[in-house]
Amino acid sequence: MKKTIKYILPALLAFAAVSCSLKEDLTGQPTADKFFGTVSDFNSFMTGAYDPLVILYGSDVPYVAGAGAEDVFTSVVRWKGFEQANINSVGNPDELTSELWKSYYSSISSCNTMIRIIGENTKIAKEKLLPIKGEALFLRAFNYFNLVRWFGKVPLLLVDNQEKAATEKESEVADIYTQIVNDLVEAEKILPDSQADASKPSKITASALLSQVYLTMAGYPLNKTEYYASARDAAAKVIDSNEYSLEPTFFNLWLYDNRLINPEFIFAFYASSSNGTGGYVNRAIRPEDHGEGGWADWTSDERYLNEFPHGNESRVEGTFYLTLMDGTPWQESTMKQPYVGKLRDGGSKAGGYYGAPTANKADGFYCMIRYSDILLVYAEAANKAEGQPSEKAYKALNDVRDRAGLEACSGLSTENFDKAVLDERKWELAFECSRWFDIVRRHILRETITKYYPEASVDEHNYLLPKPYEQLTIMQGIEQNPGY
């Protein structure tokens with residue numbers, strides 16, 4: 001069975017963004033009466049829905065695409081436009097945007113197929129397949145949440161219209177968010193109460209993602225501020241479940257050996273060089289000199305490091321890599337920029353945290369939702385919904401600050417508390433594809449980017465990426481975003 005699925009998936013994934021018929025028996029593609037005789041068969045197929053995402057986050061693509069945030073600096077000339085909010089200067093933005101687009105839609109295609117086949121199944125008791133359906137709904141919501149934040153209006157391909165992908169018109173942003181919420185609410189009801197590790201979603205994982213979705217809906221571009229209360233309540237479910245807690249030592253979060261056992265990861269992708277999902281980001285963020293053997297495709301920014309609050313050193317050392325393997329400080333490296341610590345350890349095939357890389361494709365791990373993120377979602381949403389910071393909101397913020405060795409916040413106005421939370425998100429979630437989305441939903445790109453690049457010309461079009469030009473010829477129902 002696994003060998004069969006292995007050969008089917010590449011064909012499905014390669015054509016996920018175009019019209020595909022998944023019912024034709026002659027194609028070798030899965031149907032309810034073929035390949036799916038046991039629950040294990042369904043799980044095997046569902047595993048393939050993660051592969052394009054694991055590969056995506058193991059690459060440079062999502063990090064550089066969000067380089068308009070302060071945490072990321074890239075020396076690659078052809079990518080500088082992403083960093084300086086001038087994507088029109090990039091000769092081929094498709095190099096990054098196409099990978100985002102295709103990866104999410106590839107995963108969506110598999111999720112839709114899984115949902116359809118579960119609906120058509122007559123061999124296995126429905127209740128045994130409900131957790132797998134919940135997983136497919138959760139992952140589909142995750143994919144659309146990223147697509148709508150990167151690109152705005154996109155085709156909303158579901159089970160009933162996936163075969164019309166080549167001609168389906170793009171949906172309004174509000175309608176996409178409605179579908180995301182519906183998927184997560186349903187997933188929350190049928191997912192398992194818990195999972196063995198963060199690679200599979202549980203009910204609480206769905207609540208965590210819902211809290212992020214509601215927080216985003218409360219901001220730009222929807223500006224539906226009533227969703228702050230919804231974000232607060234969804235985040236409270238996660239906190240009150242006592243399923244997760246902060247890892248006491250921040251640095252330990254980013255060690256490969258702890259990836260499955262730390263108490264903070266709520267949802268994460270785990271790469272494997274043995275199954276073709278090995279990533280190279282651990283090498284892309286290393287310098288090339290002083291024994292590091294990396295490419296330095298992107299780093300952090302000296303200006304960002306200079307602003308970074310120093311409490312205890314665990315969060316600083318866990319976030320940045322500042323002393324190279326031979327003891328050379330980052331200032332004396334070729335790039336002369338502080339390097340990224342969080343994504344450095346991809347296991348033994350990556351040379352570990354301290355060793356030189358031994359392969360381009362290593363066994364990395366990429367956390368999508370952390371407990372500290374949900375604490376900060378709660379703090380921000382509760383303050384906004386209630387008009388002032390509550391005791392519980394202060395505790396959520398100060399738990400994160402306490403681990404970082406920072407003084408507790410108290411006695412703040414609503415506005416100053418909000419600023420403190422947003423700042424804390426900037427530091428806590430660096431290099432986790434979070435800061436760019438915070439900048440967008442709070443509509444603060446102009447004041448953020450001009451601090452680093454005073455010459456940057458920012459207008460509304462900068463809040464979205466251009467849709468991949470190759471997709472404009474494949475998917476006839478989409479239109480290029482304004483300004484591109």
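Here are three short exercises on how this predicted model packs together.

**Exercise 1. Find the largest nonpolar core and say which helix gives the largest share of it.**

Step 1: Start with the size: this core has 145 residues.
Step 2: Look for its best-connected members, which are M114, I180, F269, W298 and Y366.
Step 3: Now check the helices; α7 (residues 126-151) supplies the largest share, 14 residues.
Step 4: Don't miss the other core, which lies apart from the largest one and has ten residues, including A198, L253, F265 and C367.

**Exercise 2. List what Y366 touches, leaving aside neighbours within four places in sequence.**

Step 1: Pick up the contacts at V54, Y57, G58 and Y63.
Step 2: Add A268, F269 and A271.
Step 3: Finish with G279, V281 and L343.

**Exercise 3. Describe how α10 packs on α14, then do the same for α15 and α16.**

Step 1: Take α10 (residues 227-241) and α14 (residues 371-386): their axes come within 8 Å and cross at roughly 140°. The crossing is left-handed.
Step 2: See who meets whom. On the α10 side you'll find Y228, R232 and I239 among others, and on the α14 side the list includes Y371, Y378 and K384.
Step 3: Sort that contact by class: 15 nonpolar, no polar and four charged residues.
Step 4: Move on to α15 (residues 391-403) and α16 (residues 414-428), which pack at about 35° with axes 11 Å apart. This crossing is left-handed too.
Step 5: Among the residues that meet here are Y394, L397 and R401 in α15, and F417, V421 and E424 in α16. The tally for this contact is seven nonpolar, no polar and four charged.

Methods
Residues are numbered from 1 along each chain as its sequence is written. This is a predicted model: local features need pLDDT of at least 70, side-chain atom pairs count only at pLDDT 80 or more; totals for chains, interfaces and linings use all residues. Side-chain values use heavy atoms; hydrogens and water are left out. A nonpolar core is a set of buried Ala, Val, Leu, Ile, Met, Phe, Trp, Tyr and Cys residues joined through side-chain atoms within 4.5 Å. Buried means under 20% relative accessible area, exposed over 50%, partly exposed in between (1.4 Å probe, protein chains only). Helices (H or I, at least four residues) and strands (E, at least two) are DSSP runs, numbered from the N terminus. Contact means heavy atoms within 4.5 Å. Axes are lines fitted to C-alpha atoms, for helices over the stretch in contact, and angles run from 0 to 180 degrees between N-to-C directions. A crossing is left-handed if the near helix is turned anticlockwise from the far one by less than a right angle, and right-handed if clockwise. Ala, Val, Leu, Ile, Met, Phe, Trp, Tyr, Cys and Pro count as nonpolar, Asp, Glu, Lys and Arg as charged, and the others, Gly among them, as polar.
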